[in-house]
Amino acid sequence: TKNIKMTPKRIKRLLEAWIKKHVRKAWRPITSLTQKSESWFGGLPTLSSSQDWPVCKTCNHPMKFFLQLNLASVPENFNAVVRHGLVQLFCCDYYPDSDRHWNPCDTTEPFSGTHEIRFFADGIPMQCPNQVQELPRKFIIGWEEILDTPNYADIEDCGIYWEFNNE
């Protein structure tokens with residue numbers, strides 16, 4: 001790597017220009033505890049009649065349900081390839097000790113078997129296994145368009161590192 005001395009002011013100006021170049025549209029869900037919809041966080045999912053509740057491949061405990069999204073409800077200007085069906089997110093949050101200090105399944109690695117994303121056309125409601133504590137349900141009733149800007153961790157992922165000193 002090449003060390004180039006630059007002032008903090010110049011670094012900030014260069015980073016701000018880079019961040020501005022990489023701004024993109026995103027959508028934040030608007031939620032309600034009472035107004036129902038076919039998309040939600042928490043609660044119980046709708047499962048395809050051919051699917052069982054997902055089980056973690058690391059600890060063999062049932063995974064926790066986090067999200068169900070009806071693709072017909074995503075904003076029109078969202079760049080979705082498919083506009084029908086349901087997408088669901090499950091993740092293992094099993095802690096073998098009661099103090100919740102250690103989770104052997106705490107990974108974001110792809111294909112680790114500790115999380116599962118499902119897609120299907122339609123389904124039926126299904127009961128939650130006894131071992132899984134159901135999260136409170138929040139219905140997604142709309143979308144707020146926002147600007148998504150890279151953060152400093154994103155910048156480091158691109159290979160840009162900096163170190164400030166008081167010289």
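A residue counts as buried when its relative accessible area is under 20%, and as exposed when that area is over 50%. The exercises below apply these cut-offs to a predicted model.

**Exercise 1. Is tryptophan 53 buried or exposed, and where in the chain is its ring partner phenylalanine 90?**

Solution.
Step 1. The relative accessible area of tryptophan 53 is 9%. The cut-off for buried is under 20%, so tryptophan 53 is buried.
Step 2. The ring centres of tryptophan 53 and phenylalanine 90 are 5.6 Å apart, and the ring planes meet at 80 degrees. Planes over 60 degrees apart count as edge-to-face, so this pair is edge-to-face.
Step 3. Tryptophan 53 belongs to the loop between β3 (46-47) and β4 (64-70), while phenylalanine 90 belongs to strand β5 (residues 86-91). The pair therefore links distant parts of the chain, 37 residues apart.
Step 4. Phenylalanine 90 has 0% relative accessibility and is buried as well.

**Exercise 2. Describe the surroundings of phenylalanine 90.**

Solution.
Step 1. Set aside the neighbours within four places in sequence; the contacts of phenylalanine 90 then include Pro45, Leu47, Met63, Phe66 and His115.
Step 2. Arg118 is also one of these contacts. Arginine 118 lies over the face of the phenylalanine 90 ring, 5.4 Å from the ring centre.
Step 3. Ring pairs join Phe90 with Trp53 and Phe65 in a cluster.
Step 4. Trp53 and Phe90 are, with Cys56 and Cys92, the residues that have the most contacts inside the largest nonpolar core, which has 13 residues.

**Exercise 3. How many aromatic pairs does the structure hold, and how is the pair of tryptophan 40 and phenylalanine 139 arranged?**

Solution.
Step 1. The count of aromatic pairs is three.
Step 2. For tryptophan 40 and phenylalanine 139 the ring centres are 6.1 Å apart and the planes stand at 75 degrees, so the pair is edge-to-face.
Step 3. Tryptophan 40 is in strand β2 (residues 40-41) and phenylalanine 139 in strand β8 (residues 138-148); the two are 99 residues apart, and the pair links distant parts of the chain.
Step 4. Tryptophan 40 has a relative accessible area of 7%, so tryptophan 40 is buried. Phenylalanine 139, at 7% relative accessibility, is buried too.
Step 5. A charge is also placed at this pair: the charged end of arginine 137 sits over the ring of tryptophan 40, 4.2 Å from its centre.

**Exercise 4. Which residues of helix α1 are buried, and which on the other side are exposed?**

Solution.
Step 1. Helix α1 (residues 8-21) has 14 residues. From first C-alpha to last, α1 reaches 20 Å, close to the 20 Å expected at 1.5 Å a residue.
Step 2. The buried residues are Ile11, Leu15, Trp18 and Ile19. They cover an arc of only 100 degrees around the axis, so they lie on the same side of α1.
Step 3. An α-helix has 3.6 residues a turn, so residues three or four places apart point the same way.
Step 4. Lys9, Lys20 and Lys21 are exposed on the other side of α1.

**Exercise 5. Sort isoleucine 117, asparagine 60 and asparagine 70 into buried and exposed, and place each in the chain.**

Solution.
Step 1. Isoleucine 117 is in strand β6 (residues 115-120). Its relative accessibility is 63%, and so isoleucine 117 is exposed.
Step 2. Beyond neighbours within four places in sequence, isoleucine 117 is in contact with Val87, Gln88 and Leu89. The C-alpha atoms of isoleucine 117 and leucine 89 are 4.7 Å apart, although 28 residues separate the two along the chain.
Step 3. Asparagine 60 is in the loop between β3 and β4. At 60% relative accessibility, asparagine 60 is exposed. Its phi is positive, about 65 degrees, although asparagine 60 is not a glycine.
Step 4. Asparagine 70 is in strand β4 and, at 12% relative accessibility, is buried. Leaving out neighbours within four places in sequence, asparagine 70 is in contact with Glu38, Ser39, Gly85 and Leu86.

**Exercise 6. What pattern does the protein follow along the sequence?**

Solution.
Step 1. The protein has two helices and eight strands.
Step 2. Read along the sequence, the pattern is α-β-β-β-β-β-β-β-β-α.
Step 3. Of the 167 residues, 30% count as buried.
Step 4. Among contacts with a separation of 6 or more, 76% are between residues 24 or more positions apart.

How values were computed
Residues numbered from 1 in each chain as written. Predicted model: local features only at pLDDT ≥ 70, side-chain atom pairs only at ≥ 80, totals over all residues. Heavy atoms only, no water. Core = buried A, V, L, I, M, F, W, Y, C linked by side-chain atoms within 4.5 Å. Buried < 20%, exposed > 50% of the residue type's maximum accessible area, 1.4 Å probe, protein only. Contact = heavy atoms within 4.5 Å. Phe/Tyr/Trp six-rings, centres within 6.5 Å; stacked < 30°, edge-to-face > 60°. Helix = DSSP H or I, 4+ residues; strand = E, 2+ residues; numbered from the N terminus. Lys NZ or Arg CZ within 6 Å of the ring centre and 35° of its normal. Expected span 1.5 Å × (residues − 1). Arc of directions from axis to C-beta.
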